[in-house]
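Welcome, and please take a moment to look over the model below. We will walk through it together, one stop at a time.

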Amino acid sequence: MRPTIKHNIAIYAPNIHLEMKEAKKICEIFISSSATIRSLSIRAIYFSFENIKRIDEGAIILIAKVLLALQDKVSVPVAFIGYNKAQFAKLKALFPNRSISLFKNDSIASFLLGIQMPPLQQKIIYYDNDGMIQTLISHELKVKGYEVICVNNPQVFLEKYKEFSDKAFYIYDIYFDVTESFIPTTIQNGMVIYTLYKKTDRNIALYFNLQAHNSRLREGYRAFVFDVSQIQDFNLGALDFIMSLALNNVRYEACIAICGLENLNREKKDLCKRSGIYFFANLQECKEDLRIKEAIKKHQAFQQKRKGLTKQLVAQLPVFINAAIETFSSLSGGEAKKKDYKVTIYNKTGQKDIMGAMISFEGDVSGIVTLCFSKEIVKKASLMLLGEESKSDEELLDVIKEFTNIIAGRSKTILSEHNLSIGISLPKACKSEEEIAQMLVGKHGVQVDLLLNDEPLVLFLAN
């Protein structure tokens with residue numbers, strides 16, 4: 001049984017009747033492959049049921065145990081994929097504690113495990129009967145910048161598929177432990193709090209968003225807290241990972257705190273303290289500590305200094321301008337002409353029927369980009385996108401979000417070609433210029449005034 005290697009992911013899809021004899025042979029292959037998996041830098045291992053017609057429950061359990069042991073040994077996520085409806089029901093019954101992740105296909109698995117992400121402008125249609133799990137997962141996806149449409153009825157899901165076809169990404173028939181695959185993050189008054197649940201070990205590195213953490217360091221955050229008070233089994237492998245973060249934080253003069261970790265031996269605790277890690281009984285005690293308060297003050301001071309434009313952001317201005325011009329020109333069939341640009345607060349056009357949208361982004365460069373344009377431009381864009389001209393403001397706002405996502409996606413792609421990585425928020429569409437101006441109060445940026453078919457088009461870029 002040889003795997004298919006796809007995007008550095010090993011997919012095993014045997015064409016057999018899965019009984020105990022065959023399962024033991026498969027497990028021997030897994031056990032003997034650990035060194036190869038490390039040497040090839042495999043990012044995940046999926047076992048697919050797409051070619052398996054008959055399965056034995058004992059055989060499935062055996063394969064799951066060996067896969068999970070392999071996950072611990074080589075520190076890559078594992079999952080079952082490719083099952084049919086009947087197999088899905090059986091797998092859920094066999095693993096009610098979600099010990100092994102179930103994803104309908106490899107694309108869904110790689111997306112939810114953070115390995116291979118679809119474009120941000122692609123809508124996510126997510127069907128699930130479990131409202132709580134659906135809420136948790138959709139929240140995490142929205143934080144990453146995706147527009148998620150949640151449905152809990154199979155008929156509605158089918159209707160959405162007919163409506164969007166290949167213009168959307170579909171999530172369905174999944175069953176996995178969300179609390180181990182996503183780490184809830186909150187920011188309170190300049191303090192970044194990571195909340196960990198259940199068992200935590202060295203595999204935290206698989207799910208921790210290191211890019212976002214480093215981005216927050218560059219954004220000036222100096223106090224990071226791991227709340228482990230709800231964990232019953234905290235493995236020291238996870239502590240080693242947190243120590244590695246702390247050592248990286250030193251050059252930013254940032255600290256890490258751990259709240260709720262009991263029964264840690266003194267030698268290990270002293271080692272952590274030398275790495276810049278503080279320990280507190282609970283979150284409230286942490287917030288009242290003078291060292292944490294001082295770290296928060298550093299963030300506030302950093303934010304004050306960053307009110308002006310950064311050179312790094314201004315250097316990327318042509319990327320956003322060109323993406324906007326290309327998108328609007330292709331959607332309207334017109335030609336955009338640059339009139340003027342200057343560093344300023346936002347100056348309103350003073351014309352009627354101005355609409356707009358704002359997107360924020362963070363990463364190697366961070367800031368906001370705001371687009372303002374006449375309603376006529378939006379109507380022409382809707383004709384190109386939808387095949388008909390939108391009439392109501394609500395329909396026009398949806399169109400604005402769509403082509404703003406396209407512009408953001410183009411910008412992100414171009415920046416990635418120059419080794420710059422950014423994450424982009426969902427666009428906020430505005431139906432009046434007054435609403436736009438209110439969002440930009442107090443912000444200095446670069447304002448670029450253009451004309452598209454003699455209609456005003458404004459791009460405003462700020463920190």
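The paragraphs that follow begin with confidence, then turn to charged pairs, a surface patch and a few single residues.

What you see is a predicted model, in which local features need pLDDT of at least 70 and side-chain atom pairs count only at pLDDT 80 or more, while totals for chains, interfaces and linings use all residues. Residues are numbered from 1 along each chain as its sequence is written, and side-chain values use heavy atoms, with hydrogens and water left out.

Let us begin with confidence. The score used here is pLDDT, the predictor's confidence in each residue, from 0 to 100. Its average over the chain is 84, and 93% of the residues score at least 70. Where is confidence lowest and where is it highest in the chain? The lowest mean, 68, belongs to helix 8 (residues 178-181), and the highest, 96, to strand 4 (residues 78-81). Helices and strands are DSSP runs numbered from the N terminus: a helix is H or I with at least four residues, and a strand is E with at least two.

Now for the charged pairs. Side chains of opposite charge can pair when their charged atoms come close. A salt bridge is counted when a side-chain nitrogen of Lys or Arg is within 4 Å of a carboxyl oxygen of Asp or Glu. How many salt bridges does the structure hold? There are 12 of them.

One of these joins Glu19 to Arg54, with the closest N and O atoms 3.0 Å apart. This pair links distant parts of the chain, 35 residues apart: Glu19 sits in the loop between strand 2 (9-12) and helix 1 (20-32), and Arg54 in the loop between strand 3 (44-48) and helix 3 (57-74). To say how open such residues are, we use relative accessible area: under 20% is buried, over 50% is exposed, and anything in between is partly exposed (1.4 Å probe, protein chains only). Glu19 is partly exposed because its relative accessible area is 34%, and Arg54 is also partly exposed, at 42%.

A second salt bridge brings together the side chains of Glu253 and Lys298, at 3.9 Å from N to O. Here too the pair links distant parts of the chain, 45 residues apart, with Glu253 in the loop between helix 11 (236-249) and strand 12 (255-259) and Lys298 in helix 14 (residues 290-305). Glu253 has a relative accessibility of 56%, so it counts as exposed, whereas Lys298 is partly exposed at 35%. Glu253 offers another detail to look at: its phi is near 55°, a positive value in a residue other than glycine.

Another residue with a positive phi is Arg98, at about 60°, although it is not a glycine. You can find Arg98 in the loop between helix 4 (85-94) and strand 5 (101-102). Its relative accessible area of 22% makes Arg98 partly exposed.

Back to the salt bridges for one more: the side chains of Asp289 and Arg291 meet at 3.0 Å, N to O. Is Asp289 buried or exposed? It counts as buried because its relative accessibility is 15%. Its partner Arg291, at 41%, counts as partly exposed.

Next, look to the surface, where Glu388, Glu394, Glu395 and Asp398 gather in a patch of negative charge. Residues in a patch have over 30% relative accessible area and no salt bridge, with like charges joined within 9 Å and nonpolar side chains (Val, Leu, Ile, Met, Phe, Trp, Tyr) within 5 Å. Among the members, Glu395 lies in helix 18 (residues 393-417) and is partly exposed, with a relative accessible area of 38%.

Finally, three single residues are worth a visit. Phe373 lies in strand 16 (residues 367-374) and counts as buried, since its relative accessibility is 0%. Phe373 and Asp454 are 81 residues apart in sequence and 11 Å apart in space, C-alpha to C-alpha. Ser33 has its place in the loop between helix 1 and helix 2 and is buried as well, at 13%. From Ser33 to Leu70 the C-alpha distance is 9.2 Å, with their positions 37 residues apart in sequence. Ala35, in helix 2 (residues 34-39), is exposed, with a relative accessible area of 52%. Ala35 and Arg218 are 183 residues apart in sequence, and their C-alpha atoms are 36 Å apart in space.

Key:
Accessible areas come from the Shrake-Rupley method with a 1.4 Å probe; for residues, only the protein chains shown count as cover. Lys and Arg count as positive and Asp and Glu as negative; His and the chain ends are not counted. The place of a charge is taken as NZ of Lys, CZ of Arg, CG of Asp or CD of Glu.
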